[in-house]
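Me: Please take me through the features of this model that bear on side-chain exposure, charge pairing and helix geometry. I should like each answer to end on the value or name requested.

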Amino acid sequence: MRQGGRVRQRVVATLGRLEDLQDGRLDALIENLARFSQSTWRRLEEQAKRLNVRWSKQWGPR
């Protein structure tokens, strides 16, 4: 966004402090974010249950 001919930055969202996420709180963050999109979360869970892996290809060294 520009104001007065200059670029202005604005924080839209924050995920928290890196130290907090490294302390194992990432799962709690994901659960809190999921509350904002429960219908999408449920749909993705249902799609994941229907996945059927028939084959896979290995890449890189074995």
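**Exposure, pairing and helix shape**

Me: Is lysine 49 buried or exposed?
Reply: The relative accessible area of lysine 49 is 65%. Buried denotes under 20% relative accessible area, exposed over 50%, and partly exposed in between (1.4 Å probe, protein chains only). Lysine 49 is therefore classed as exposed.

Me: What kind of model is this?
Reply: Residues are numbered from 1 along each chain as its sequence is written, and side-chain values use heavy atoms, with hydrogens and water left out. Local features need pLDDT of at least 70, side-chain atom pairs count only at pLDDT 80 or more, and totals for chains, interfaces and linings use all residues, the model being predicted.

Me: Which side chain meets that of lysine 49 in a salt bridge?
Reply: A salt bridge requires a side-chain nitrogen of Lys or Arg within 4 Å of a carboxyl oxygen of Asp or Glu. The partner lies 3 residues from lysine 49, about one turn of the helix, and both are in helix H2 (residues 38–49); helices are DSSP runs of H or I with at least four residues, strands are runs of E with at least two, and both are numbered from the N terminus. At 39% relative accessibility the partner is partly exposed. With an N to O distance of 3.4 Å, the partner is glutamate 46.

Me: How many salt bridges are found in the whole structure?
Reply: Besides the pair in H2, arginine 17 and glutamate 19 meet at 3.2 Å, N to O. Arginine 17 is exposed at 55%, whereas glutamate 19 is partly exposed at 41%. The search of the whole structure gives a count of 2.

Me: Where is the kink in H1 centred?
Reply: Helix H1 (residues 18–35) has 18 residues, yet its end C-alpha atoms are only 22 Å apart, short of 26 Å for a straight helix; that expected span is 1.5 Å times one less than the number of residues. The bend at a residue is the angle between axes fitted to the seven residues ending there and the seven starting there. The kink is about 100° and is centred on glycine 24.

Me: How far apart in space are glutamate 31 and leucine 21?
Reply: Glutamate 31 belongs to helix H1 and is exposed, at 54% relative accessible area. Glutamate 31 and leucine 21 are 10 residues apart in sequence, and their C-alpha to C-alpha distance is 13 Å.
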